[in-house]
Amino acid sequence: MMIVMKEGASEEQIQAVVDRIEKAGANAHVSRGQFVTVIGAVGDADSQVHEAGLELADGVDHVVPIMKPYKLSSLQFKKGERTTIEIDGRKLGGGVFSLIAGPCTVESRDQLFKSGEQCRAAGVPFFRGGAYKPRTSPYSFQGLGVEGLRLLKEAKEEFGMPIVTELMDVRDIDDVLEVADVIQVGARNMQNYNLLTEIGRSGRPALLKRGLSATIEELLMASEYILKEGNQDVMLCERGIRTFEPGYRFTLDLLAIPVLQQLTHLPIVVDPSHAAGRRDLVLPMSLAAAAAGADGIIVETHPDPENAVCDGPQAIVGSEFGDYASQVNRVAEMVGKQLEVISA
Ligand code: PEP
Ligand code: MN
């Protein structure tokens with residue numbers, strides 16, 4: 001249920017509606033738009049909220065049901081206004097296009113700092129790197145853990161790029177919160193609901209990756225777990241889904257970009273690296289994603305991919321990253337995006 005307040009409704013009137021929603025046993029989520037405030041009444045108690053007769057409350061313009069199973073992520077909830085996520089003055093979404101780049105995993109100070117230099121030189125606003133790695137094999141490198149987080153913190157101080165890093169296990173949340181400006185939820189954890197709830201409670205922006213076999217609706221339902229805790233800063237990430245095609249790692253579902261834009265106000269980021277699994281496919285898929293209207297691209301780059309500990313074959317060679325970034329940014333600009341590019 002969505003309670004749309006009249007233009008100029010007072011704080012007291014908004015609070016009175018919130019109180020009535022909570023009294024009816026639902027949660028109230030207040031979204032302040034440019035002109036009107038919308039209050040989402042979310043929970044199992046839709047009928048009680050309905051009976052609370054909010055249509056007649058002071059300051060209320062009208063009440064509409066949200067027909068979709070996802071509520072807070074729906075485009076309807078924000079009355080068509082798109083969410084911009086802002087971190088340290090750097091934006092993503094709502095018309096602003098940003099690159100998120102860096103190595104798959106933190107390997108060493110030297111590797112991380114070389115990559116940081118190359119990304120900064122390319123004007124990249126956000127730096128990525130995993131300290132906890134979800135690997136198919138338990139015998140593969142699992143990430144440097146807290147040591148990796150410590151190195152990421154150093155890199156953040158050195159290069160000033162906000163950090164995007166993955167949280168795999170709720171037990172590590174305090175350590176990750178020390179450094180992550182954006183908490184990445186990996187594809188394999190998209191439906192780890194306890195993890196999503198804790199990230200929601202942390203209030204830290206999140207990048208939620210689509211599960212390998214998840215539908216668009218399941219992705220949106222997963223985002224609700226974060227949003228319902230009052231954390232409004234969620235980016236959705238298309239990173240390829242499993243199909244029968246063995247020619248590449250996953251099938252990048254570019255249709256998800258315009259389809260998600262019809263359904264949700266949340267920014268949409270595309271990860272061409274994990275879908276392609278091969279460096280030569282990363283640029284064409286990035287250009288296509290930018291052309292299709294993605295709000296950002298998260299991409300892997302490595303100063304020396306031949307010797308990378310993981311995902312080397314898909315990493316853009318660090319020395320070529322500037323060229324990659326300018327080509328992708330050019331396409332995003334062509335489709336009307338404002339670019340977030342940081343001058344070195
Ligand atoms: C990653 O970004 O390094 C990663 C492991 O991605 P995904 O969860 O999409 O496989
Ligand atoms: Mn990777």
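This report describes the domains, pockets, cavity and ligand surroundings of a predicted model.

**Domains**

The protein chain is split into two parts, domain 1 (2-65) and domain 2 (85-339). Taken over C-alpha atoms, the centres of domain 1 and domain 2 are 35 Å apart.

**Pockets and cavity**

The volumes and lining classes of the open and closed spaces are set out below.

| Space | Volume | Nonpolar lining residues | Polar lining residues | Charged lining residues |
|---|---|---|---|---|
| Largest pocket | about 300 Å³ | four | six | ten |
| Second largest pocket | about 180 Å³ | five | three | three |
| Largest cavity | about 90 Å³ | three | four | one |

The largest pocket, with a volume of about 300 Å³, is lined by 20 residues, of which Pro134, Arg188, Arg249, His274 and Asp311 are the closest to its centre. Ten residues of this lining are charged, six are polar and four are nonpolar.

The second largest pocket holds about 180 Å³ of space. Its lining consists of Asn27, His29, Val42, Gly43, Pro69, Lys71, Leu72, Met221, Glu224, Tyr225 and Lys228. Two elements, strand E2 (27-32) and helix H7 (216-227), each give two or more residues to this lining. The greatest contribution comes from H7, with three residues. Because domain 1 (2-65) and domain 2 (85-339) both supply lining residues, the second largest pocket lies between them. Its lining comprises five nonpolar, three polar and three charged residues.

One cavity of 30 Å³ or more is present in the structure. The volume of the largest cavity is about 90 Å³. Residues His29, Leu72, Phe77, Lys78, Leu227, Gly230, Gln232 and His265 form its lining. By class, four of these residues are polar, three are nonpolar and one is charged. His29 and Leu72 appear in the lining of the largest cavity and also in that of the second largest pocket.

**Ligand 1**

The residues around ligand 1 are Cys104, Arg128, Lys133, Pro134, Gln184, Gly186, Ala187, Arg188, Lys209, Arg239, His274 and Glu300. Among them, Pro134, Arg188 and His274 also belong to the residues closest to the centre of the largest pocket.

Polar contacts to ligand 1 involve several side chains. An N or O atom in the side chain of Arg128 lies 2.9 Å from an oxygen atom of ligand 1. For the side chain of Gln184, the distance between an N or O atom and an oxygen atom of the ligand is 2.9 Å. The side chain of His274 has an N or O atom 3.2 Å from an oxygen atom of ligand 1. Ligand 1 taken alone exposes 300 Å², and 96% of that area is buried by the protein.

Notes. Residues numbered from 1 in each chain as written. Chains lettered and ligands numbered in written order. Predicted model: local features only at pLDDT ≥ 70, side-chain atom pairs only at ≥ 80, totals over all residues. Heavy atoms only, no water. 1 Å grid on protein atoms, 1.4 Å probe; cavity = no way out; pocket = protein on both sides within 12 Å on 5 of 7 lines; lining within 4 Å. Points joined across faces, edges and corners; volume = space filled by probe spheres on them. Nonpolar A, V, L, I, M, F, W, Y, C, P; charged D, E, K, R; others polar. Helix = DSSP H or I, 4+ residues; strand = E, 2+ residues; numbered from the N terminus. Domains from an automatic or database assignment. Near = heavy atom within 4 Å. Polar contact = N/O pair within 3.5 Å; in protein donor to acceptor, adjacent residues only side chain to side chain. Areas by Shrake-Rupley, 256 points an atom, 1.4 Å probe, with all protein chains shown as cover.
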